[in-house]
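Open the model in your viewer, switch to a cartoon view, and keep the selection box handy. We will go from stop to stop, and at each one you will get something to select and something to look for.

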Amino acid sequence: MTWLVLALVLVVYMEVVTPEFILEYDTRPNRLFIDYLIYPQEVFSMLWQGYKLAILCAVCGIALAYFLGKKLLSGGLLSANTGATGTKLGFTILMLLVCVLVTRSSLQHRPFNPSMVYFSNDNLVNSLVLNSGYSVLYAAHNTSSEAQASDLYGRMRDEEVIASVRDGADQSGVPFESDEIPTLRTHRASYQGRAKNIVILLQESLGARYVGSLGGENLTPNLDALMEKGWRFSNAYATGTRSVRGIEAVFTGFSPGPSRSVVKLDKSQSDFFTLASFLEKHDYFTQFIYGGESHFDNMKSFFLGNGVEDIEDLTKFANPKFVGSWGASDQDLYEEAHKQFLALSKRSQPFFSLVFSTSNHSPWEFPDSCPASYTGDRASRENAVRYADCALGEFIRKAEKSDYWKDTVFLIIADHDSRVTGSNLVPIDRFRIPALILGGGIPAKSDSRLVSQIDFPTTLLSLAGVSGKHPLIGFDLTKEVAVDKQRAMLQYGDNFSWLGVDHAVILRPQLPPKVYTHDGSHLLRELEAGGYTDEIAHVRGNALWSNLAYTKGLYRLPY
């Protein structure tokens, strides 16, 4: 009886917390529900600060389910006073058979899987057919078998996958040089002067919909002003919906896939290509600066194992003025970064630094020290964006007056948009992000080409004057990219989208692919997939590449 009561409590709990999860992630609880349980301090602090009502409802639901379940079951067939042993045994066997059928959920050849109930182009609608407990358990099962994740889209021979990736990455006919590292080639930087510093300012949850100069809300006046000073991209897209996916793209140039980000996977914790591991070989000092605790999302292990020499996180900040659930405020973060860059600029070697912000994240805690114009409820997403923008503007103005400015290439780019929701198979508009390159010697210009986060590592190396052999498949945006080559890869749950200039190919788990026209924001008209057979095969190869490269160790340096 105890186990049945606990099972009932778990089912009720999962359904009680589902509405709040849907509001945040536009789907029933899935892998995200369990991925972050290993970081209790950050998670519970965030929940307590921003979701007190949801916690109260969950506690009440658990208590009610426990007492009602215990009362109902204590007087039933499983009670100690139930009749003959034969009756108990028969009931037990019957319940076991029912459990097997319910678990299998199908009388067909194969047991149930979520794709059997996909009937809509809206992922939320599809997920509502399932119960939340099953959704989480199914996600946990898939997480435990990452190597088989590519089976979602159909099998291809390794040679076909590699050929697809090479074709998609081809630019100016630069040859690929290795079978052991299939995407390895020699990249010659456009800039041929003294090597420059590289700084990536990774902005938490800053979608294009918040940036006025990109047609969004007018919440980022500082970033909008900076857009006029540097190389701005109006058609840039994130590869995914989580921070580790953004880190994966801009720090390693690795393309997305249905498995978890390589930041979290075991085989990529060392000997995996990153900008830091490449630049370290070119006598760069490499660094990661983060306002929170760097162990979160396995970042510390991944960075230290792949070329980062120094990590400056909350544990090393000297007297931060404001610390919230996710760590020090963006102003504290940029103050630390500025201090680090001043010291590093006095050295004889160039430096690379990835600076990752935190303030624009629920429960939206930030200080009053930034003179931004807040409106309505102060603890809101919109006001958090205003604060993050204000802190960024302060830092850039300070950096412009420093000695390191003229010798540094800065990339300001978002990791992903916030709350990626929508009624399409892939909500394209929620993947569009701001991207801006500026610094000494970077001319002001606007670039409307379709670009992906994975294009920026290659581009930064070219602008900084660092040539060499590497496996990056992103384009060097300092050079021409043919219109038919321009693409963005978007991973939305288990759906993989290859976004071309005017149409998108979408791969779905264990279902036929779909092809749509699009306008850069929405999927418009479905096209006959039969007319895109070759392109679908090309997209499938690129979708399977990340899994192949990870499992077989194909994405690394040759030395």
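Two strands count as paired here if DSSP finds at least two bridges between them. Keep that in mind for the sheets on this tour, and remember throughout that this is a predicted model.

**Getting your bearings**

Start with the whole chain in cartoon. Its secondary structure comes to 16 helices and 18 strands. Of the 559 residues, 55% count as buried. Consider contacts between residues at least 6 apart in sequence: 70% of them join residues at least 24 apart.

**Stop 1: an open sheet**

Select residues 488–492 and 523–527, which are strand 14 and strand 18. They belong to an open sheet of 5 strands, arranged in the order 14-15-16-17-18 with antiparallel pairing. Strand 14 and strand 18 stand at the edges with a single partner strand each, so one side of each has no neighbour in the sheet. Look along the sheet to see the twist, which averages 30 degrees from one strand to the next.

Now add strand 15 (residues 495–499) and strand 16 (residues 503–508), which are joined by 4 bridges and run antiparallel. Show S497 as sticks and find I506, its bridge partner in strand 16.

From I506, step across to K514 in strand 17, which stands opposite. Strand 16 and strand 17 pair in the antiparallel sense over 5 bridges. Their hairpin has 2 residues between the strands, and Q510 takes a positive phi near 60 degrees there. How many residues of strand 17 are buried? The count is 6 of its 8, so to speak a mostly covered strand.

Move on to Y516 and look for E526, which stands opposite in strand 18. This antiparallel pairing of strand 17 with strand 18 runs over 3 bridges. The hairpin of these two strands has 4 residues between them, with G520 at a positive phi near 90 degrees.

Before leaving, select residues 533–551, which form helix 16. Helix 16 lies across strand 15, strand 16 and strand 17, running at about 60 degrees to strand 16.

**Stop 2: the largest cavity**

Keep helix 16 on screen and turn on a cavity display if your viewer has one. The structure holds 4 cavities of 30 Å³ or more, and the largest has a volume of about 90 Å³. To find this largest cavity, select S259, R260, L265, S546 and N547, which lie nearest its centre among the 15 lining residues. Helix 16 gives the largest share of the lining, 3 residues. Helix 10 (243–252) also supplies at least two. By class, the lining has 6 nonpolar, 5 polar and 4 charged residues.

**Stop 3: the second largest cavity**

Next, select F322, W326, H361, P363 and E365, which are among the residues lining the second largest cavity. Its volume is about 70 Å³. What is the make-up of this lining by class? There are 4 nonpolar, 7 polar and 1 charged residues.

**Stop 4: a covered strand**

Select residues 197–203, which make up strand 2, and colour them by burial: 7 of the 7 residues are buried. Show the side chains to see two sets. N197, V199, L201 and Q203 point one way, while I198, I200 and L202 point the other way, and all are buried.

Add the two partners of this stop. Strand 9 (residues 408–414) pairs with strand 2 in the parallel sense over 7 bridges, and T408 in strand 9 stands opposite N197. Strand 8 (residues 351–356) pairs with strand 2 in the parallel sense over 5 bridges. In strand 8, look for F352, the bridge partner of I198.

**Stop 5: A276 and its contacts**

Leave F352 displayed and select A276, which is found in helix 11 (residues 275–280). Is A276 buried or exposed? It counts as buried because its relative accessibility is 0%, and the cut-off for buried is under 20%.

Show what A276 touches: F251, T286, N306, G307, V308 and F352, leaving aside residues up to four places away in sequence. To finish, draw a distance between the C-alpha atoms of A276 and F251. These residues are 25 apart along the chain, and the two atoms are separated by 7.8 Å.

Key. Residues are numbered from 1 along each chain as its sequence is written. This is a predicted model: local features need pLDDT of at least 70, side-chain atom pairs count only at pLDDT 80 or more; totals for chains, interfaces and linings use all residues. Side-chain values use heavy atoms; hydrogens and water are left out. Axes are lines fitted to C-alpha atoms, for helices over the stretch in contact, and angles run from 0 to 180 degrees between N-to-C directions. Contact means heavy atoms within 4.5 Å. Buried means under 20% relative accessible area, exposed over 50%, partly exposed in between (1.4 Å probe, protein chains only). On a 1 Å grid over the protein atoms alone, a cavity is a set of points where a 1.4 Å probe fits but cannot get out, and a pocket is an open set with protein on both sides within 12 Å along at least five of seven lines; lining residues have an atom within 4 Å of a point. Grid points are joined across faces, edges and corners, and a volume is the space filled by probe spheres set on the points. Ala, Val, Leu, Ile, Met, Phe, Trp, Tyr, Cys and Pro count as nonpolar, Asp, Glu, Lys and Arg as charged, and the others, Gly among them, as polar.
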